[in-house]
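Visitor: I should like to be guided through this structure, with the reason for each term that you use. May we begin?

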Protein chains: 2
Amino acid sequence: MKGLEVFLDGDYADVRAEVRERLRRPELAPAPADIDLDEYRERVMDQARFIAAEGGSGLGFPKEYGGEGDVGASVVGFEMLGHGDLSTVVKVGVQFGLCGGAIYQLGTEEHHDRYLADIVTLDLPGCFAMTESGHGSDVQSLETTATYDPDSEEFVIHTPTESARKDYIGNAATHGRIAAVFAQLYTGDDKHGVHCFVVPIRDGDGTPCPGVEIGDCGHKIGLNGVDNGRLSFDHVRVPRTALLSRFGDVAPDGTYTSPIEDETKRFFTMLGTLVQGRISVSGGAISATKNALTIAVRYGLSRRQFSPPDSHGEVLLLDYLAHQRRLLPKLATVYALSAAQQFLVRGLHDSAGNPDYPARERRKLETHAAGVKALSTWHASETIQTCREACGGVGYLSENRLGQLKADTDVFATFEGDNTVLLQLVAKELLTDYRDEFGELDTLGTIRFVADQAFDVVVERTAGRQLIQTLIDALPGRDEDASVRDRGWHLALFTFREEHIIDGLARRLRNGIENGEDPFDVFNRSQDQVLLAAKAHMDRLVLEQFVTTVDDIDDDEARELLDKLCELHALSVIERERAWFLEHGRITGARAKAVISAVNELCGELRPHARALVDAFRIPDEVLAAPIGVAPADTPSGS
Amino acid sequence: MKGLEVFLDGDYADVRAEVRERLRRPELAPAPADIDLDEYRERVMDQARFIAAEGGSGLGFPKEYGGEGDVGASVVGFEMLGHGDLSTVVKVGVQFGLCGGAIYQLGTEEHHDRYLADIVTLDLPGCFAMTESGHGSDVQSLETTATYDPDSEEFVIHTPTESARKDYIGNAATHGRIAAVFAQLYTGDDKHGVHCFVVPIRDGDGTPCPGVEIGDCGHKIGLNGVDNGRLSFDHVRVPRTALLSRFGDVAPDGTYTSPIEDETKRFFTMLGTLVQGRISVSGGAISATKNALTIAVRYGLSRRQFSPPDSHGEVLLLDYLAHQRRLLPKLATVYALSAAQQFLVRGLHDSAGNPDYPARERRKLETHAAGVKALSTWHASETIQTCREACGGVGYLSENRLGQLKADTDVFATFEGDNTVLLQLVAKELLTDYRDEFGELDTLGTIRFVADQAFDVVVERTAGRQLIQTLIDALPGRDEDASVRDRGWHLALFTFREEHIIDGLARRLRNGIENGEDPFDVFNRSQDQVLLAAKAHMDRLVLEQFVTTVDDIDDDEARELLDKLCELHALSVIERERAWFLEHGRITGARAKAVISAVNELCGELRPHARALVDAFRIPDEVLAAPIGVAPADTPSGS
């Protein structure tokens, strides 16, 4: 159905079509499940080279380095690659997104000239060496040091302890020749915080550079086509210009200068430029989820089990209410997340390279990227698991790909920011109302800030403000008078929940501080509320994006279907969270039961369209590659 | 702590100790993650042979066939093996439990004499060929035929369609020499329903027998040490005595006789004898869950991340409330499931080979086995996934075993009965009140039966009736006056929920039928309630078993700890289901919030004991085999 495709394509139908065609090429076929580790790594490297040769690697880089200068297109292209082998997607992400991105975002023109063209062609394979064995989420506490030696005008990169070893580094075990290494910068006796340095790790023959010890993380749950490794540095010397110096530079004599005086603020500004990575992971998770749903829904429409009494045929799995309930709300939510993902891509596109982009909006983008990443990667894990179970024994066979999808996406909840930590980041921004001057606040600072405020949350509207306010305003005075399927009611409930949780959390933190309690204890005792606040915020944002994106669709038939899908998404969230609404007196028990019935009803209404809803993803059979999931002959899949 | 060990050991401390020691042997070390498929299959076959040679295979068989005649010990031994390589566990289950079990339970002494001794030694590797490509859960609709030919006094085993192919059959692809084949029995023009036949599939050299086509299911998500395959039969002739004839026999002239006249009832009686398989899967899932929790809890007690403000050290992961909330309620629930599992083992032990065991009690055992299997396998999937995420990046490395645990246990939700189908079975038994005369009812029959009843659920008490009634009776008149941590209150809530849901479901079904609606539609529209009824029943049963088992512990310190664990388990279920209690006016919003607070409080109280709680599982390091999870030097693990 054309309107569904318009909805899913967003602003980048051409990029999506191009990648979709590329994924049909035999060079990009997903690897067999029993492939040998070394062979898999080489195969994935070849696929990354193929993508680079086809012009798929440089979309986000400036034209002078072989790119196309369109960061939005770059992220969408990455998302679409997520329908294919996820090892290749991550390899591409490490090389072009993380390593190339660090050099592009944290370096100066000199660094761009030195590296970017070779990064884009993959002639210079690179790593992104941030995480250490002892510190992943807490980047500010990294232990690797970079000490400036003014005599030789060099930095000395060093791994002082075992926990300072760079760990899980993609591209490190086999292919990488350089690494963007994050380390604590020292000049003389002064510490300037975490900065990034380009450090050669292997020469052209693949021999590790002197002082660089390279380990191999070995076999992993998934993504075994990516050569994750470990890097230790024994007083490795690099020239002064190895420092990516956009946000902090060291003069030959050792004088440190930075356009951002405060060290913590500088740190967050530097990290903020890397927002693209999180948006990319979210896109990859959404694509993998679509693969799984396509397989499971098509299987549910072909497999029959049990004959109803007095009948002559067996029942299709997807005609059972329980089966619909497993798959259809998750299908609705992946449409919702697709709309949220497009919103992030637009924000990234508008802000990238725009020095006039408001700081507050930039912080919001970072927060929303963190939140959508957490939601979409958890949704991927749950959905793929559900799809596996919904396909029974045949879903357990590797040839049907659900296992690979599960295994590969599993770590998405951890890398590019652990989901739990990311949600805390979201909550912190909500509590400090995205104020730039509080960007550098640590947990204690956040809590003290909250304690000092006459706190009253004013939830920002991210999009379609007028539409959404109109929908809410049109509601009757009492909840019980609104239809349980009224979209305005859904929005009102989501907004109420968000505001109420954040207000309550702020009050709770403030009371703790005022009572003289230890700030960490205050925070820790409320940690479940902190996470809930972040989720409630993101739930509301995702729904708003779904609503406004649907509203833009011209095709009446498709919009009607998307409206139902939007209702199902909203009501399934309300159903999941109905205890909270009941506890806070916002809905009655009877109303809560009506929500459950409405979810059942919508499952029945959407059942006849299930096939169209997954066909609209247009995933090429060549990468779907599941015998139980490929489009039947009468479906023009991927066309 | 000794009392915890007593609780976990139940009646079989000696069997557990023996298997625990066996698991330390290098012969039973878990396979490396990147092992080649063929090599893995041989390794697992060797491990199964080792277990047989050590006397671990025959516990449940009569002494005259090399066994020990203790079916309870056999199931407990299997559960304990679940701490080791799960491929080996499943291989052992197929050979001794399923194939040997079918011959033992469905055959006569003649069959026992012919096969059992060689099954127990593994000299005769066998398959359990029930599932077909087209029919897994719906065993009554199997399509394979066994047609009696009175002229030659043989059965002709035949695969009439592609969907009749036996599929996912363990031991079939490589090692099996015989198969217990389930097929529709025909004599002349008469059909007698599904029966089981011993069919040779390979000769001593491993060559497939004439007319037997053997396929290979290839690589799977997990359990790749098990050689799952496909069997098709092209008019394969077997002697008349190949029919396992305990419940139905064919005389040389083709006359069919059976001690059970009704075909459906006969079918369920035959299937019922295979209850041991489900209890075994449940045990395996519980053991694997304990492995994952041991790894994640120990890691959470060694890994630090983030410094609290104004402090000098980083915080242990398990000191964060959110981390406690992820792991500790799941740890409490695995203790609860361990108690429920012991209850099933006792029931199996008491009923096995006892012709005087009441039919109603036997049906209850089958129902409880189905329900505990569903709960424990889903709990395994969720918990292992949570443990993986709780271990971050290092949890994603194969060497830390969480991936293998996830992948191997994943299919537990599907095999030996799909969990969703099993819960429907539980619900059906609840609705028909375990009446033996309704055992043969199909869905239509069940609904019609319900429609005819003045339905009023009297929930049976499975154990500790007096203790539990006393606890409930001691409650104050109003819920709000009971402490939220009062065990009687928990039991009263679980019981109320169970009764109310079953009553409501029965009413709903009856109304549908009385209104002349199509029975399938009536059933299907209520399918979510059907599943909920089964879950509520099983939740109550598991809690009761936990309560009564804790009550038997003499060690005061351990019992106090187990009491808290029991509270945490009960309250986390109430928290999860609190929307239902709110909707049905059983608790107030304030009370629901108090439940959430109590869960937080209990997490804090149990945190200091987390180490003792996982150490009590005494999983040998040799099979835990996770560098991040092995017991630190000061812990006498597995001792």
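Guide: Let us start with A:D70 in this predicted model. A:D70 has 19 other C-beta atoms within 10 Å.

Visitor: Why is A:D70 called partly exposed?

Guide: A residue is buried at 20 or more such atoms and exposed at 12 or fewer. The value for A:D70 is 19, which lies in between, and therefore A:D70 is partly exposed.

Visitor: Where is A:D70 found, and what is it in contact with?

Guide: A:D70 belongs to the loop between helix 3 and helix 4 (71–81) of chain A. Apart from neighbours within four places in sequence, its contacts are A:L59 and A:G60. A:T147, by contrast, is 77 residues away along the chain, and 36 Å separate the two C-alpha atoms.

Visitor: How do you know that B:Y65 is partly exposed?

Guide: The count is again set against the limits of 20 or more for buried and 12 or fewer for exposed. B:Y65 has 19 other C-beta atoms within 10 Å, so it is partly exposed. B:Y65 is placed in the loop between helix 3 (37–53) and helix 4 (71–81) of chain B.

Visitor: Which residues does B:Y65 touch, leaving out those up to four places away in sequence?

Guide: They are B:H112, B:L116, B:A117 and B:V120. B:T121 is 56 residues from B:Y65 in sequence, and their C-alpha atoms are 9.3 Å apart in space.

Visitor: What makes A:E416 a buried residue?

Guide: A:E416 has 24 other C-beta atoms within 10 Å. The limit for a buried residue is 20 or more, so A:E416 meets it. A:E416 lies in the loop between helix 12 (402–410) and helix 13 (419–431) of chain A. Its phi is positive, at about 55°, although A:E416 is not a glycine.

Visitor: Is B:L223 buried or exposed, and how do you know?

Guide: With 27 other C-beta atoms within 10 Å, B:L223 passes the limit of 20 and is therefore buried. B:L223 is not a glycine, yet it has a positive phi of about 55°. Its place is the loop between strand 7 (212–216) and strand 8 (229–233) of chain B.

Visitor: Let us turn to chain A as a whole. What makes chain A as compact as a globular protein of its length?

Guide: The secondary structure of chain A comes to 23 helices and 11 strands. The radius of gyration of chain A is 25 Å, and the globule rule gives 26 Å for 639 residues; the two values are close, so chain A is as compact as a globular protein of that length. Along the principal axes, the C-alpha atoms of chain A fill a box of roughly 90 × 65 × 40 Å. Buried residues make up 55% of the 639 residues. Of the contacts in chain A between residues at least 6 apart in sequence, 73% join residues at least 24 apart.

Visitor: Which domains does the assignment give for chain A?

Guide: The assignment gives domain 1 (2–121), domain 2 (126–263) and domain 3 (275–624). The centres of domain 1 and domain 2 of chain A, taken over C-alpha atoms, are 24 Å apart.

Visitor: How do you know that domain 1 and domain 2 of chain A are in contact?

Guide: Two residues are in contact if their C-beta atoms lie within 7 Å. In chain A, 26 residues of domain 1 are in contact with 21 residues of domain 2. On the domain 1 side, helix 3 (37–53), helix 5 (86–106) and helix 6 (109–121) each supply at least two residues. Helix 5 gives the most, with 12 residues. By class, this side of domain 1 has 15 nonpolar, six polar and five charged residues.

Visitor: Why are the two copies said to be related as by a two-fold rotation axis?

Guide: A turn of 180° and a shift of 0.0 Å along the axis lay chain A on chain B with an RMSD of 0.0 Å. The two copies are thus related as by a two-fold rotation axis. In chain A, the C-alpha nearest the axis is that of A:A579, at 2.0 Å. The same surface serves both copies, as 100% of the contact residues of chain A recur in chain B.

Key: Residues are numbered from 1 along each chain as its sequence is written. Chains are lettered from A and ligands numbered from 1 in the order in which they are written. This is a predicted model: local features need pLDDT of at least 70, side-chain atom pairs count only at pLDDT 80 or more; totals for chains, interfaces and linings use all residues. Copies are superposed by least squares on the C-alpha atoms of residues with pLDDT of at least 70 in both. Helices (H or I, at least four residues) and strands (E, at least two) are DSSP runs, numbered from the N terminus. The radius of gyration is taken over C-alpha atoms; the globule rule is 2.2 Å times the number of residues to the power 0.38. Domain bounds come from an automatic or database domain assignment. Ala, Val, Leu, Ile, Met, Phe, Trp, Tyr, Cys and Pro count as nonpolar, Asp, Glu, Lys and Arg as charged, and the others, Gly among them, as polar.
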